[in-house]
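Welcome! Take a moment to look over the sequence and the 3D view below, and then let us walk through the picture together.

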Amino acid sequence: MIGFFKKFIDIKLLKFILVGIINTVVGMGIQFLLYNLWWHTYSWGDVVSSVVSYIIGSVVSYFLNKYFTFKNKEKGWRPVFRFALNIAVCWTLAYVVAKWGATLILAETSLSQQWQGNIVLMVVSVLFVAFNYFGQRFFAFKEKEEK
């Protein structure tokens, strides 16, 4: 069991967390600024704010995680494609789970649509980080096995 955790808890995880802090400042700053200043009055505002911020944050994440966290030296479009696919799957899964959960839990509360949207965005962020770490480490920037 200890070997299982050692495989996931190492310097790569610490670097991923550091990159995540940078992405959080960039991405969530953009996300909440867009949502609360312009798009909170629209039913789709949380989706658009989230998508825009994740696209910008993903560009930052790609370069920092590829070269700093996982030291991936693979060239060409394959790592870009795997990374983009990973981001899309992780975000979609996180958004669907968060929106579904929020609809169930917050539907009967007196919270405004804007507050409910903010809560959904926070939950999406937490779920996305967890899904994304495993996706980047074991799919997008997976280490080549020695032969």
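Gln 31 counts as buried, because its relative accessibility is 1% and buried means under 20% relative accessible area, while exposed means over 50% and partly exposed lies in between (1.4 Å probe, protein chains only). You can find Gln 31 in helix α2. Helices here are DSSP runs of H or I with at least four residues, strands are runs of E with at least two, and both are numbered from the N terminus. Which residues is Gln 31 in contact with, leaving aside its neighbours within four places in sequence? They are Ser 49, Ser 50, Ser 53, Tyr 54, Leu 121 and Ser 125, where contact means heavy atoms within 4.5 Å.

A word on what you are looking at: this is a predicted model, in which local features need pLDDT of at least 70 and side-chain atom pairs count only at pLDDT 80 or more, whereas totals for chains, interfaces and linings use all residues. Residues are numbered from 1 along each chain as its sequence is written, and side-chain values use heavy atoms, with hydrogens and water left out.

**The overall picture**

The protein has five helices and zero strands, so its elements, read from the N terminus, follow the order α-α-α-α-α. Its C-alpha atoms fill a box of roughly 60 × 35 × 20 Å along the principal axes. Of its 147 residues, 37% count as buried. Among the contacts with a separation of 6 or more, 77% are between residues 24 or more positions apart.

**Two helices side by side**

Two packed helices are described by the angle between their axes and the distance between the axes. Helix α3 (residues 45-69) packs with α5 at an angle of about 30 degrees, and their axes are 12 Å apart. The axes are lines fitted to C-alpha atoms, for helices over the stretch in contact, and the angles run from 0 to 180 degrees between N-to-C directions. The helices α3 and α5 are therefore roughly parallel; that word covers angles under 35 degrees, while over 145 is roughly antiparallel, 65 to 115 roughly perpendicular and the rest oblique.

On the α3 side, the residues that meet α5 include Ser 50 and Tyr 54, which are also in contact with Gln 31. On the α5 side, Leu 121 and Ser 125 are among those that meet α3, and both of these touch Gln 31 as well.

**Pairs of opposite charge**

Side chains of opposite charge can pair when their charged atoms come close. How many salt bridges does the structure hold? There are three, each being a side-chain nitrogen of Lys or Arg within 4 Å of a carboxyl oxygen of Asp or Glu.

| Salt bridge | Closest N and O atoms |
|---|---|
| Asp 10 and Arg 137 | 2.7 Å |
| Lys 12 and Glu 143 | 1.8 Å |
| Arg 82 and Glu 74 | 2.5 Å |

Asp 10 sits in the loop between α1 (2-8) and α2 (11-39), and Arg 137 in helix α5 (residues 113-140), so their salt bridge ties together parts that are 127 residues apart in sequence. Asp 10 is partly exposed at 25% relative accessibility, whereas Arg 137 is buried at 10%.

Lys 12 is buried, with a relative accessible area of 15%, while its partner Glu 143 is partly exposed at 47% relative accessibility. In the last pair, Arg 82 and Glu 74 are both buried.
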